[in-house]
Each structure stands twice: as structure tokens, then as C-alpha cells.
Amino acid sequence: GDNQNEAMLESIVTRYNGIPIPIDAFEGKKKVIENQIKDLDIVILVTAFAAHDSTWNIREFASKYGAKFAVSSSKGYQSFERAGNQQIDYKVK
């Protein structure tokens with residue numbers, strides 16, 4: 001979402017040992033969005049940071065490449081974290 005709150009969201013992903021890769025959801029070109037998504041394990045869409053038409057493309061490509069897909073309905077830290085936690089199957093030792 002135009003790098004808004006990027007550092008905060010990246011810190012959440014890093015805390016769970018992930019590698020954060022922000023997607024430019026305002027970029028309307030399907031091929032650009034597809035190339036950003038094709039190698040990801042999970043996509044967490046923050047609806048407040050995505051253009052409406054991009055939302056459909058993001059969901060389509062996450063499905064096409066087998067990436068887990070979650071939606072955070074607000075910009076908040078807890079909403080983003082909760083969305084990701086619902087999609088990740090953490091292994092217990």
C-alpha cells in the first residue's frame with residue numbers, strides 16, 4: 001500500500017521468522033502483481049492499502065501459485081498479525 005506502515009508490518013513478519021516482501025497493490029498491471037506473488041508462501045492483504053481492482057488480481061494469483069491468502073480488514077498491528085496467524089500451521093516440537 002504505497003509503503004504506508006511498511007516498517008511496522010515488516011517487523012511482524014520478521015518476528016515470526018518470515019521474510020517480508022511488500023507488494024505494490026496500487027500497481028494495476030496484472031503481470032507486475034503476478035510476478036510479485038508467484039514465489040510467496042503467504043499473502044496478507046490489508047484492504048485499506050489495496051486498490052479494489054488489485055484485490056481481485058492478488059487473490060487470483062495467490063490461488064494460482066498456491067500461496068496462502070489472508071485478509072486484514074484494518075491497518076492495525078493486531079488485525080494484520082491475527083490474519084497471518086490464521087493461515088500458518090506452526091509446527092510444535
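Here are some notes on this predicted model, going from the overall layout to a few single residues.

1. Start with the overall layout. The protein has four helices and two strands, and along the sequence these come in the order α-α-β-α-β-α. If you like to trace a chain by eye, that pattern is a handy guide to what comes next.

2. Next, some totals. There are 93 residues in the protein, and 30% of them count as buried. The exposed surface comes to about 6200 Å², with carbon and sulfur atoms supplying 51% of it. Among contacts with a separation of 6 or more, 66% are between residues 24 or more positions apart.

3. Now the strands. S1 (42–46) and S2 (68–72) run parallel and are joined by five bridges. To find your way across the pair, look for Leu45, which stands opposite Val71 in S2. Add helix H3 to the two strands and you have a right-handed β-α-β unit.

4. H3 itself covers residues 52–64, and its length checks out. With 13 residues at 1.5 Å a residue, the helix should span 18 Å; the C-alpha atoms at its ends are 19 Å apart, so the two figures agree.

5. Which residues of H3 are buried? They are Ser54, Asn57, Ile58, Phe61 and Ala62. Viewed down the axis of H3, the buried residues fall within an arc of 130°, and therefore they line one face of the helix. That fits a general point: an α-helix has 3.6 residues a turn, so residues three or four places apart point the same way.

6. What lies over that buried face? The cover for the buried residues of H3 includes helix H2 (30–37) as well as strands S1 and S2. On the other side of H3, His52, Trp56, Ser63 and Lys64 are exposed. Just after the helix comes Gly66, with a positive phi of about 75°.

7. Over to helix H4 (residues 77–85), where Glu81 sits. Is Glu81 buried or exposed? Its relative accessibility is 15%, and the cut-off for buried is under 20%, so Glu81 counts as buried. Setting aside neighbours within four places in sequence, Glu81 is in contact with Ile12, Arg15 and Tyr16.

8. Tyr77 is also worth a look, and it lies in H4 too. At 33% relative accessibility, Tyr77 counts as partly exposed. Not counting residues up to four places away in sequence, Tyr77 touches Met8, Ser11, Ile12 and Arg15. Its C-alpha atom is 9.5 Å from that of Asn5, although 72 residues separate the two along the chain. Ile12 and Arg15 thus turn up in the contacts of Tyr77 and in those of Glu81; both belong to the stretch 6–15 that makes up helix H1.

9. Last, a backbone detail. Where is Asn17? Asn17 is in the loop between H1 and H2. Its phi is near 65°, which is positive even though the residue is not a glycine. In general, most residues other than glycine have a negative phi. As for its surroundings, Asn17 has 72% relative accessibility and so counts as exposed.

Technical notes:
Residues are numbered from 1 along each chain as its sequence is written. This is a predicted model: local features need pLDDT of at least 70, side-chain atom pairs count only at pLDDT 80 or more; totals for chains, interfaces and linings use all residues. Side-chain values use heavy atoms; hydrogens and water are left out. Buried means under 20% relative accessible area, exposed over 50%, partly exposed in between (1.4 Å probe, protein chains only). Contact means heavy atoms within 4.5 Å. Accessible areas come from the Shrake-Rupley method with a 1.4 Å probe; for residues, only the protein chains shown count as cover. The expected span of a helix is 1.5 Å times one less than its number of residues. The arc is that of the directions from the helix axis to the C-beta atoms. Two strands pair if DSSP finds at least two bridges between them. A crossover is right-handed if, with the strands pointing away from the viewer, the path from the first strand over the helix to the second runs clockwise.
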